Amino acid sequence: MCGIFGIENHADAANYTYLGLYALQHRGQESAGLVSADNGRFHLERGMGQVAEIFRARVLERLPGRQAIGHTRYSTSGTSVLSNAQPIVVKTSMGPLALVHNGNLVNAVEIRRKLEADGSIFQTTSDSEVILHLMARNPRADVVESLMEALDQVRGAYSILLLTADGLIAARDPHGFRPLVFGDCQGALCFASESCAFDLLGAEPLRELELGEVAVARGGTLESYRRPTGSPPARCAFEQVYFARPDSKVFGDGVSDARLKMGAALAREAPGDADIVVPVPDSGLFAALGYSRESGLPLEFGLIRNHYVGRTFIEPKQAIRHFGVKVKLNPVRHLISGRRVVLVDDSIVRGTTSPKIVRMVREAGAAEVHLRISCPPTRWPCHYGIDMPTREELIASENEVEQIRELTGADSLAYLSIQGMLAGLSGPAESYCTACWSGDYRVEISEEDRRQQQLFPIRLEEGGE
Ligand code: AMP
């Protein structure tokens, strides 16, 4: 769960990257970083917290140069500490390199163990660093070749940007788990996780990076190396359900449009005998609108979100997440009182949020609460970059829908089917990764990496109640 942005050959590279990151803040709020390159010299600024807190005007002044890359981070691999904030910058015999990565490698621990046994010293506990180590150990006259050879050794999900002394390289894994688009920004090339970053800059989106593509921007032109891998596409459908911003276009679909369709499909699959449809803001908004239009039930904004509280789930501490629900949402009594409510949310993961929201709506006087979820039950952990690491934590891994309904306290509960969800997307059903719902993992995780993920210390060290 990260956002990446980069720009090449622009007079205001660092400022534009800052703006790009600002638009990608929703993809990670734990830390952010930006590196610029000025005549082969790299300048790095990183910090814990949100983009606007870290990059004050005087910080941006310390980032000269015509190319820059940046990152907003939420850790799925590696702990929440500054040393894990990206970009990761290293010096190699090929010159300085800086990397930002969105995704999660499924054999990073395995590779790292081997490299460490061979004497490598890692700066971070993040999976992304192995790419740089593999490159540093395999220097080539052409840095692109070194990168491609490194990428041939890693498996899993990666959309990456690599800043070199004289250009910017973008690459996407052969399955295309995570999005990566590029565009034209006043003659400069820019790259972003989501197209919403381009809107803010007035940049024109050109296209998505292809699956397995490696593209090099130098002096404002793009040279593309497509490596036909024959790997089946596995675009993360959860980007559309929850993660991406509704004003972005991801994997060829407008995200808001995809959510409207999912909501409409949910209304057809699971109609509710009710008076009003209430979205859980913000993530349930478009699905609720789709549900309302399809069912004919009026949409009411019966829950109001306090926008000054961060996305609760993004906080790595359990204690904050629990507290967060209350400070984040408040019911509008006069809209809800005495009404039978269809409450629409995007997903139930750990199941800590829904019972609180259902209770909140009941306490505001709802006659009935029918909970509708615009994706299937989340039963399996994601190994490809969305934070839901262990099976035990997922409420739907052990419980059937009826048990979950009981736990939430709703009068009825229904989830959207996998087919219903995918029908709202323009690609063929088999081109999406549905692992968190179906358990169908397209890229196998190494045994060592699986063990590490299960033991992973994010919660053990820093969380807990
Ligand atoms: P939970 O209390 O764990 O069931 O959280 C559910 C809510 O958190 C959902 O309604 C989403 O809005 C949000 N959410 C669900 N899954 C994720 C995820 N993997 N990452 C971040 N936020 C999530």
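A residue counts as buried when its relative accessible area is under 20%. By that cut-off, seven of the eight residues of helix 5 (residues 129–136) in this predicted model are buried, so the helix is largely enclosed by the rest of the structure. The residues in question are Glu129, Val130, Ile131, Leu132, His133, Leu134 and Met135. What do these buried residues pack against? Their neighbours are two helices, helix 4 (108–117) and helix 6 (143–151), together with strand 5 (88–92), strand 6 (95–105) and strand 7 (156–164).

Helix 4 deserves a look of its own here. Two packed helices are described by the angle between their axes and the distance between the axes. For helix 4 and helix 5, the axes come within 10 Å and cross at roughly 45°. That angle makes helix 4 oblique to helix 5. As for handedness, helix 4 passes helix 5 in a left-handed crossing. On the helix 4 side, the contact is made by Ala108, Ile111, Arg112 and Leu115, while helix 5 brings in Val130, His133 and Leu134. Sorted by class, this contact has five nonpolar residues, one polar and one charged.

The strands that helix 5 meets belong to a sheet. Six strands form this open sheet, in the order 5-6-7-8-12-13, and the pairing is antiparallel. Its edges are strand 5 and strand 13 (221–226), each of which pairs on one side only. Going from one strand to its neighbour, the turn is 20° on average, direction ignored. Helix 5 packs on this sheet by touching strand 5, strand 6 and strand 7, and the direction of helix 5 makes about 140° with that of strand 6. Further along the order, strand 8 (residues 167–172) and strand 12 (residues 213–218) run antiparallel and are joined by four bridges. In that pair, Ala171 stands opposite Val214 of strand 12.

There is also an open sheet of seven strands, with the order 3-2-4-1-10-9-11 and antiparallel pairing. Here the edge positions go to strand 3 (41–48) and strand 11 (204–208), which each pair on one side only. Neighbouring strands are turned by 15° against each other on average, again ignoring direction. At the strand 11 end, four bridges link strand 11 to strand 9 (residues 181–185), and the two run antiparallel. Val181 sits opposite Glu208 of strand 11 in this pairing. Helix 1 (residues 13–23) packs on the sheet too, touching strand 1, strand 2, strand 4 and strand 9, and the direction of helix 1 makes about 25° with that of strand 4.

Is strand 4 of this sheet largely enclosed or left open? Seven of the seven residues of strand 4 (residues 67–73) are buried, so the strand is largely enclosed by the rest of the structure. In a regular strand the side chains alternate between the two faces of the sheet. Both faces of strand 4 turn out to be covered: Gln67, Ile69, His71 and Arg73 are buried on one side, and Ala68, Gly70 and Thr72 on the other. Strand 4 also has partners along its edges. Strand 1 (residues 2–8) runs antiparallel to strand 4 and is joined to it by seven bridges, with Cys2 opposite Arg73. Strand 2 (residues 31–38) pairs with strand 4 in the antiparallel sense as well, over seven bridges, and there Gly33 faces His71.

Another helix pair shows up later in the chain. The axes of helix 9 (residues 255–269) and helix 10 (residues 285–295) come within 6 Å and cross at roughly 45°. The two helices are therefore oblique to each other, and helix 9 passes helix 10 in a right-handed crossing. From helix 9, the contact takes in Ser256, Arg259, Leu260, Gly263, Ala264, Leu266, Ala267 and Arg268; from helix 10, Phe286, Ala287, Leu289, Gly290, Tyr291, Arg293, Glu294 and Ser295. By class, that works out as eight nonpolar, four polar and four charged residues.

Finally, a single loop residue. Thr434 lies in the loop between strand 23 (432–433) and helix 17 (435–438). With a relative accessible area of 8%, Thr434 is buried. Leaving aside residues up to four places away in sequence, Thr434 touches Ile418, Met421, Leu422 and Gly439.

Conventions. Residues numbered from 1 in each chain as written. Predicted model: local features only at pLDDT ≥ 70, side-chain atom pairs only at ≥ 80, totals over all residues. Heavy atoms only, no water. Axes fitted to C-alpha atoms, helices over the stretch in contact; angles between N-to-C directions. Parallel < 35°, antiparallel > 145°, perpendicular 65-115°, else oblique. Left-handed = near helix turned anticlockwise from the far one by under 90°. Contact = heavy atoms within 4.5 Å. Nonpolar A, V, L, I, M, F, W, Y, C, P; charged D, E, K, R; others polar. Buried < 20%, exposed > 50% of the residue type's maximum accessible area, 1.4 Å probe, protein only. Pairing = 2+ DSSP bridges.
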